[in-house]
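User: Please go through the metal site, the aromatic contacts, the sheets and the cores of this model. Short reasoning with each answer is enough.

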Amino acid sequence: MAHYRHVGDVPPKRHTQHRDSQGRLYREELMGEEGFSSDSSLLYHRGVPSAIVDSQVWELPDQSRTPNHPLKPRHLRLHDLETGSDAVTGRRLVLGNNDVRIAYVVTGTEPSAHYRNTIGDECVYVEQGVGTVETVFGVLAYRAGDYVILPRATDHRWVPAEPSRLYAIEANSHIHPPKRYLSRFGQLLEHAPYCERDLHAPDEIHLVEGTDVEVLVKHRTSGGVVGSRLTYAMHPFDVVGWDGCLYPYTFNLEDFMPITGKIHQPPPVHQVFEGQNFVVCNFLPRKVDYHPLAIPVPYYHSNVDSDEVMFYVGGDYEARKGSGIDLGSISLHPGGHAHGPQPAAIEASLGAEYFEESAVMVDTFAPLELGEGGLSVEDPAYAWSWAGRGPEGGANPAVFSNS
Ligand SMILES: [Fe+2]
């Protein structure tokens with residue numbers, strides 16, 4: 001995020017003495033990316049941000065992954081997934097590779113554990129629910145349709161005001177708007193489908209008193225993703241002011257202005273964010289192709305370099321009619337295997353002027369493997385839904401119920 005922001009009490013000159021009303025020095029912390037060579041912020045703490053009094057193992061939920069082998073398109077029904085109720089510790093792994101992991105949780109209304117992910121940025125899509133995310137930078141309000149972007153190593157906790165369905169995209173890298181939508185100094189350009197006004201960041205500091213506060217830290221070893229419980233001498237929410245270009249923010253689907261065309265537009269026009277070796281797109285309610293002979297649903301396409309994950313979050317997804325896909329479903333279309341609409345959906349789409357669908361897509365450049373949560377809610381009939389019959393023979397009535 002290249003947009004400068006200033007919240008709370010900071011000194012006029014960086015790296016100079018900054019004191020409270022009793023004359024005590026605040027502790028300055030630079031939080032920055034890419035080794036002092038990219039975006040950063042300066043935070044002023046009441047306490048010492050490195051002061052810990054204990055470190056223990058945090059046993060993460062099952063992070064095991066099963067390769068997509070033998071190769072198949074997959075349909076996972078997330079609304080059938082039982083999860084824990086804590087927005088952080090209750091997550092179950094749905095899909096993942098060495099660049100990104102997708103996990104899902106249905107929260108209760110208790111605040112989550114204090115948490116930070118030191119592996120990469122998190123982009124958490126709020127499928128349902130409202131609440132806040134308290135962070136070391138201040139408080140973010142969230143609602144359905146928000147992407148909550150939490151930069152790597154941001155201390156935070158989720159405080160749902162109501163049970164919330166969260167689709168957590170956890171990167172091993174940073175997540176940012178597509179580079180082609182940015183000026184060389186980072187401003188969102190006129191052809192971008194959203195602009196700075198649509199990004200919502202903390203505008204007040206969030207101070208909490210406390211000692212011996214546990215923070216769950218997700219990190220990496222050579223063996224994979226692990227967790228530690230660090231106990232901080234002082235509450236990490238002790239920042240009296242910060243400024244810079246690195247901070248958490250939210251962006252809502254409704255503020256994405258779809259780019260449409262006379263004939264079918266390719267998925268990159270729907271892109272909203274990107275990370276290392278993956279992109280995030282959203283397909284939203286929009287006018288569709290206006291050529292008199294247009295076919296509004298996609299042509300068949302072979303993602304030779306990508307695995308494609310669609311998460312169906314609203315409306316009635318035209319291209320998947322006849323497949324068993326419903327709200328809360330995920331489809332995984334693996335690289336190197338053509339996919340496209342179920343046959344009946346093509347005819348049904350002719351003459352359509354508007355689609356009401358909403359879906360969040362993650363495309364990865366490395367194959368995705370199935371997490372234990374994803375595997376537990378798989379619809380095994382999906383792979384055969386284009387042919388109408390599978391190895392058992394005969395059409396599966398569950399597959400064609402919508403056609
Ligand atoms: Fe696709």
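The questions and answers below concern a predicted model.

User: Which protein donors does the iron ion have, and how are the donor residues spaced in sequence?

Analyst: The model is predicted, and its iron ion has protein donors at 1.9 to 2.2 Å. They are NE2 of H301, OE of E308 and NE2 of H339. Along the sequence, these donor residues follow the spacing H-x6-E-x30-H.

User: Where in the chain do E308 and H339 lie, and how many residues apart are they?

Analyst: E308 belongs to strand β23, residues 307-314. H339 sits in the loop between β24 (329-333) and α1 (343-349). The pair links distant parts of the chain, with a separation of 31 residues.

User: Is E308 buried or exposed, and is H339 buried or exposed?

Analyst: Buried means under 20% relative accessible area. E308 has 5% relative accessibility, so E308 falls in that class. H339 has 3% relative accessibility and therefore also counts as buried.

User: What geometry does the ring pair of F137 and W242 have?

Analyst: The structure holds 14 aromatic pairs. In the pair of F137 and W242, the ring centres are 5.0 Å apart and the planes stand at 90 degrees. Planes over 60 degrees apart count as edge-to-face. Because the angle is 90 degrees, the pair of F137 and W242 is edge-to-face.

User: How many residues apart in sequence are the parts that F137 and W242 tie together?

Analyst: Both residues are buried. F137 is in the loop between β11 (131-135) and β12 (138-142), whereas W242 is in strand β18 (residues 239-244), so the pair ties together parts whose separation in sequence is 105 residues.

User: Which residue stands opposite W242, and in which sheet order does β18 appear?

Analyst: β18 is part of an open sheet of 4 strands with antiparallel pairing. Its edge strands are β1 (5-8) and β2 (27-32), each pairing on one side only. Strand β3 (residues 40-45) is joined to β18 by 5 bridges. The residue opposite W242 is L43, and the sheet order is β1-β18-β3-β2.

User: Which are the edge strands of the sheet of 6 strands?

Analyst: This open sheet has antiparallel pairing and the order β6-β24-β23-β26-β21-β20. An edge strand pairs on one side only, and here these are β6 (74-77) and β20 (271-275).

User: What is the bridge partner of V280 in β26?

Analyst: Strand β21 (residues 278-283) and strand β26 (residues 358-364) run antiparallel and are joined by 6 bridges. The partner of V280 in β26 is V362.

User: Which residues of the largest nonpolar core touch the most other members?

Analyst: The largest nonpolar core has 51 residues. Apart from this core lies another of 17 residues, including V126, L140, Y142 and A168. One aromatic cluster is formed by Y125, Y147, Y194, F251, F256 and F273. In the largest core, the residues that touch the most other members are Y147, Y167 and F273.

User: Over the face of which ring does R180 lie, and over which does R5 lie?

Analyst: R180 is 4.7 Å from the ring centre of Y181, while R5 is at 6.0 Å from the ring centre of Y247. Each arginine lies over the face of its ring, R180 over Y181 and R5 over Y247.

Technical notes:
Residues numbered from 1 in each chain as written. Predicted model: local features only at pLDDT ≥ 70, side-chain atom pairs only at ≥ 80, totals over all residues. Heavy atoms only, no water. Donors = N, O, S within 2.8 Å, 3.2 Å for Na, K, Ca; no water. Helix = DSSP H or I, 4+ residues; strand = E, 2+ residues; numbered from the N terminus. Buried < 20%, exposed > 50% of the residue type's maximum accessible area, 1.4 Å probe, protein only. Phe/Tyr/Trp six-rings, centres within 6.5 Å; stacked < 30°, edge-to-face > 60°. Lys NZ or Arg CZ within 6 Å of the ring centre and 35° of its normal. Pairing = 2+ DSSP bridges. Core = buried A, V, L, I, M, F, W, Y, C linked by side-chain atoms within 4.5 Å.
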